[in-house]
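Here's a quick walk through one chain, from a single loop residue out to the whole fold. Have the viewer open as you read.

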Amino acid sequence: MPLSMNREVFITCAVTGSGGTQDRSPHVPRSPEQIASSAIEAAKAGAAVVHCHVRDPETGAPSRDPALYREVTERIRDSGTDVVLNLTAGMGGDLLFDGTEAMHQMAKTSDMAGAAERVAHVVECRPEICTLDCGTMNFAEADYVMVNTPGMLRDMAQRMTESGVQIEIEAFDTGHLWFAKQLVTEGIIKDPVLVQLCMGVPWGAPDDLNTFMAMVNNVPDTWHWSAFGLGRNQMAYVAAAVLAGGNVRVGLEDNLWLDKGVLATNAQLVERAVTIIETMGARVIGPDEVRKRLNLEKRAPLPR
């Protein structure tokens, strides 16, 4: 297919994630203050959108505590630095088992929650965007299944839509895009849709270019999309996404390294992405332009 390069690109910075990276780099933020500060630094470096998880401030373990999300939200909103806030709603669907002979019950390390609980922080904090992991898949970092059944996704998406938040579909394979289209057909999600193509996450879509273009070609022309690749391919996917007509995501959720042997900060990863985008002849757009493009509304959290 002919290239359709995006000339006006927005950058999303995925600030901390929920993976076990907290002890692999001193730059992975843990506390709400650290997460908000890192998000603000990324915004100043050129990120129009910050995608935030929260962690236990002491251990760095992933958390779903609404109070932590509220603190991150308020710190970012009160900072004076404008940025589009994107909160994850991916937590609460982690299913683990105690070995292959104990498949009749989930392990105590599982984290499973109902739809209302999984989106409670989104309803309360009122970010412009929240994510919806649009399918169930095996994950390789641990022997667990990310569980998002059709019924759960319909329920969560309906609650997100009713809260006035723009859903960002996180698609880890082509079937996830297929189901996203079904949600639009059913009227649960409004067209145009915002999509994040997640490449190279074991065991979802591999990050080769043939698979990437299959993902891109399954995104309807009216939708908005971004893409990222894990690890050492993060910056290569900045260029690939722009060339294919999309936007980009970088950040410590997906990659810890700036160069070989050099641990990165979120701001440094954003700065590198800005350099790549501008060297390609495209322009990096800011939060106001993103809000206009995606029809987003910046709102304060609900009163306490």
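Which loop does Ser110 lie in? Ser110 sits in the loop between β7 (93–96) and β8 (111–112). Bear in mind that this is a predicted model.

Is Ser110 buried or exposed? Its relative accessible area is 15%, and since the cut-off for buried is under 20%, Ser110 counts as buried. Once you set aside its neighbours within four places in sequence, Ser110 is in contact with Asp94, Leu95 and Leu96.

**The chain as a whole**

Zooming out, the chain has nine helices and 18 strands. For 304 residues, a compact globule would have a radius of gyration near 19 Å, and the chain's 18 Å agrees with that. Some overall values, side by side:

| Property of the chain | Value |
|---|---|
| Box filled by the C-alpha atoms, along the principal axes | roughly 55 × 40 × 40 Å |
| Buried share of the 304 residues | 54% |
| Exposed area | about 13300 Å² |
| Part of the exposed area from carbon and sulfur atoms | 51% |

Sequence-distant pairs show up a lot in the contacts: among those with a separation of 6 or more, 73% come from residues 24 or more positions apart. As for charge, there are 27 positive and 39 negative side chains, with the centres of the two sets 4 Å apart.

**Into the core**

The largest nonpolar core has 79 residues. Which of its members touch the most others? Those are Ile11, Leu132, Ile169, Leu197, Phe212 and Trp225. Take Phe212: leaving out residues up to four places away in sequence, Phe212 touches Leu197, Met199, Trp225, Ala227, Tyr237, Ala240, Ala241 and Ala244.

**Helix α7**

Some of those partners lead to α7, where Tyr237, Ala240 and Ala241 are among the buried residues. Why call α7 (residues 234–243) largely enclosed by the rest of the structure? Because seven of its 10 residues are buried. The others on that buried list are Gln234, Met235, Val238 and Val242.

What do the buried residues of α7 pack against? On the strand side, they meet β1 (8–9), β13 (194–199), β14 (224–229) and β15 (247–250). The helices they pack against are α6 (209–217) and α8 (266–279). After α7 comes Gly245, with a positive phi near 105 degrees.

Notes. Residues numbered from 1 in each chain as written. Predicted model: local features only at pLDDT ≥ 70, side-chain atom pairs only at ≥ 80, totals over all residues. Heavy atoms only, no water. Helix = DSSP H or I, 4+ residues; strand = E, 2+ residues; numbered from the N terminus. Rg over C-alpha atoms; globule rule 2.2 N^0.38 Å. Buried < 20%, exposed > 50% of the residue type's maximum accessible area, 1.4 Å probe, protein only. Contact = heavy atoms within 4.5 Å. Areas by Shrake-Rupley, 256 points an atom, 1.4 Å probe, with all protein chains shown as cover. Lys, Arg positive; Asp, Glu negative; His and termini not counted. Charge placed at Lys NZ, Arg CZ, Asp CG, Glu CD. Core = buried A, V, L, I, M, F, W, Y, C linked by side-chain atoms within 4.5 Å.
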